[in-house]
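This report looks at how strands and helices are arranged in one chain, beginning with a sheet and ending with a helix pair.

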Amino acid sequence: MESLLECKDLSVRFYNREANVLNGIDLSISRGEKVLILGPSGSGKSTLLSVLSGIIPEHVEAEVEGEIRLAPQCGVMFQDPDSQFCMLHVDEEIAFSLENRLIPRAQMDAMIEAVMKQVGLDIDGHTPIETLSGGMKQRLALACLLALEPEVLFFDEPTAQLDPVSRKEIFQLLHELADQHGQTMVFVEHTLDGCIQWMDRVILMNAQGSMIAQGEPAEMIQRYRAEMQEAGIWQPKLFPYTWDDVQDHPSHPLAQRLQQTLQQRRASALDADQEGKGGSAVIVTEQLDIGYRQKSVMRDMNIRIPSGEWVAIVGANGSGKSTFLKSLIRLERIRSGQLYFQDILLKKWSDRDLYEQAGFVFQNPELQFVTDTVFDEIAFGGRQRNWSEEEVHARTVKLLQEFGLESYQDQHPFTLSLGQKRRLSVATMLLFDQSLLLLDEPTFGQDARTSAELIKRLQQRQAQGTTIVMVTHDMDLVDEYANRVIVFDQGKVIYNGAPYHLFTHPESIGHHAIIAPLHYQLMKPEKERSII
Amino acid sequence: MKSNDSWLSTLNPTIKLVTHLLVMCVLMAVTDPRITLAIWIVALVIGLTLGGWRIPYLLKRLLPYTIFFVMIFWMMAAFGKGEHTLWQWGWFHITEESLNNGLMIALRMLGFVTYGLLVTSTTDLTAMIMSLVHQCRLSPKWAYGLLAGFRFIPLFQTELAQMKSAHKIRGYKQKNSWKSFIRYALPLFTQGIRKSERIAIAMEARGFTGTRQRTYYLTPQLTGKDGWYCGLLLVVVLCIAVVLKI
């Protein structure tokens with residue numbers, strides 16, 4: 001096959017750093033090939049992508065050594081849907097690509113329509129970009145790239161900022177595109193589900209910026225499982241097996257594992273049912289109506305959150321999950337109805353007492369940091385309340401240890417890694433041993449390892465009696481840890497109960513945006529078979 | 001800034017802007033409150049006939065400025081200087097001259113606001129910038145940079161709201177407004193700089209060079225009606241100024 005992209009003995013160093021980001025990379029990519037680059041964070045996989053797409057050294061300065069042969073025309077899709085657009089409307093944004101290519105105005109309308117159709121963007125061309133959802137924005141980003149008529153498409157974690165349903169759709173779209181047009185594609189991803197099965201080659205990098213190995217996806221997954229786990233890559237749930245195999249052969253190792261998980265869930269669900277609904281409630285709502293300004297988002301909510309539970313709130317984007325979470329601690333106003341926090345009306349709580357009892361972890365940790373060092377960040381609340389310095393110190397050190405941050409205590413919070421920032425943002429909310437912890441998509445955009453670490457800490461807290469309420473899109477998380485799941489849909493609560501019953505009877509809510517974890521999907525054909 | 005479907009929105013944005021700026025210059029030169037009032041009424045008439053404004057919209061938009069109007073008027077009128085005293089009580093001293101001055105300044109402010117609103121309520125931001133590229137030779141490097149920058153404004157707003165709630169939960173008390181400005185501004189700026197860097201790379205990766213060597217999707221043109229609008233409005237305004245002066 002004809003090779004389209006090539007680099008020999010490629011090394012890259014940024015001027016502000018001493019060590020090389022990339023070391024001696026030899027790579028050749030042929031026309032029509034789909035390549036996936038994997039590696040831990042800091043392994044230079046994004047840098048490699050930038051070099052292959054010509055961004056380095058043309059637009060970003062760096063010292064580049066070695067031989068490189070690039071494709072004449074390429075497109076790059078980035079991870080943050082918001083920071084790749086420069087215009088205000090959909091049609092103008094696509095036209096921006098065409099303008100740069102000096103396409104005459106007369107041909108533009110037809111071309112814009114064609115690429116919009118190709119990416120399944122079935123909206124009016126003059127829609128403002130800011131009103132699109134994350135998944136739609138990534139579709140638009142792809143349309144803008146296709147308008148460049150690229151020979152190679154590069155993707156730098158294109159789905160990291162998307163919820164699982166949109167992620168699945170984007171991967172499906174890319175897969176179709178790859179099949180239909182034989183497009184050459186190079187990916188950097190840390191989620192393998194949805195893309196690994198149609199890749200031709202996987203390249204694995206190590207933390208020092210060298211290539212460890214490359215080969216067929218199935219072979220690579222099996223041989224380098226440990227390295228991938230270490231790198232924090234989300235393991236595929238199914239691949240290298242296929243669903244048909246697992247479904248048809250009950251003796252299949254994965255089928256057995258899934259059955260086992262299912263048994264466990266069933267057993268714990270039965271236990272929970274028998275325990276009943278005793279105990280006090282942290283939160284009780286009566287005919288609660290929430291929203292912002294004149295618009296109500298959720299109406300007539302009657303919810304009871306027993307203390308000590310782990311509650312997950314799920315629902316489509318914009319269904320009011322975050323608004324509900326904020327309303328629980330008065331960050332958003334209640335429109336009507338009653339909300340009791342620990343059996344006392346919420347509005348009767350003083351700010352000071354309320355926030356000693358409840359913590360809130362925001363989606364973007366950076367925007368919640370208020371001081372200059374990690375230590376001060378955790379100690380802040382105590383100092384505001386004039387605690388003695390010894391007490392502040394003792395409590396802070398305990399939290400630093402609990403969240404594995406003691407060696408970073410003098411650093412500025414912004415210099416921490418993504419996972420550390422997330423842990424710090426949780427730790428700051430636990431200084432008063434808050435009895436209620438609210439989290440807005442805590443594992444969003446995180447790699448497998450950092451989110452596993454975070455979940456472990458939360459579990460410890462729950463064991464000590466903290467009630468956890470979190471908004472999430474991750475159904476595996478819901479299934480494994482939550483005692484209760486509340487589903488929001490079109491302004492109403494359509495499900496409130498154990499995750500097991502939701503996943504075993506998804507039809508009861510008729511909600512298609514919920515993809516039950518794999519082991520529940522194994523149940524469906526079982527039932528059908530027994531009917532026959 | 002969004003376009004509505006009025007006749008005014010079909011005009012060339014640059015011409016519209018320049019014409020209204022010229023009218024504002026006339027407003028600045030005029031010292032008679034009657035003339036200022038008349039020129040302001042012209043703006044209202046244009047808005048209601050050609051600008052697609054409705055009375056409720058107009059009231060909603062101008063209400064905050066009406067409060068300003070009353071305040072400015074009162075300050076100028078009650079504490080101004082002058083010979084012909086009309087009314088006096090305590091510190092308040094209203095004279096014919098101060099009454100005139102107050103009315104003139106307050107009406108001038110309303111006039112400025114209304115002529116400005118005529119532009120912003122009928123012009124699409126993208127069309128405005130592209131018109132500056134075509135009619136005023138603004139470099140594409142600046143034009144597209146500006147457009148990309150405008151996308152930040154709503155983003156800043158949501159980020160600031162989140163930071164404020166985060167501070168509230170942590171019990172942060174705002175002691176010094178300058179200090180709290182620094183506290184909020186720094187993370188916003190760092191995020192902004194990082195984001196703009198990413199956008200710049202994305203734009204260049206899509207072949208943007210910043211030179212004039214490109215084609216354009218939107219090309220606002222100059223047509224006959226732009227000339228008519230500009231000429232007629234200026235003539236009407238100047239006529240009012242001259243006729244009422246006599």
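## The six-stranded sheet

In this predicted model, an open sheet of six strands in chain A follows the order β16-β17-β18-β13-β19-β20, with mixed pairing; strands are DSSP runs of E of at least two residues and helices are runs of H or I of at least four residues, both numbered from the N terminus, and two strands pair if DSSP finds at least two bridges between them. Because β16 (358-361) and β20 (492-497) of chain A each have a single partner strand, they stand at the edges, and one side of each is left without a neighbour in the sheet. Neighbouring strands are turned by 15 degrees against each other on average, direction ignored, where axes are lines fitted to C-alpha atoms, for helices over the stretch in contact, and angles run from 0 to 180 degrees between N-to-C directions.

At one edge, β20(A) pairs with β19 (residues 484-489) of chain A in the antiparallel sense over five bridges, and Val487(A) stands opposite Tyr495(A) in β20(A).

## A helix across the sheet

Helix α16 (residues 448-463) of chain A lies across β13 (310-315), β17 (436-440) and β18 (467-471) of chain A, and runs at about 130 degrees to β13(A).

## The α3-α5 pair

Helices α3 (residues 90-100) and α5 (residues 134-146) of chain A pack at an angle of about 30 degrees, with their axes 7 Å apart. In α3(A), Val90(A), Glu93(A), Ile94(A) and Ser97(A) meet Leu140(A), Ala143(A) and Cys144(A) in α5(A), contact meaning heavy atoms within 4.5 Å.

## Basis of the model

Residues are numbered from 1 along each chain as its sequence is written, and chains are lettered from A and ligands numbered from 1 in the order in which they are written. Local features of this predicted model need pLDDT of at least 70, side-chain atom pairs count only at pLDDT 80 or more, and totals for chains, interfaces and linings use all residues, while side-chain values use heavy atoms, with hydrogens and water left out.
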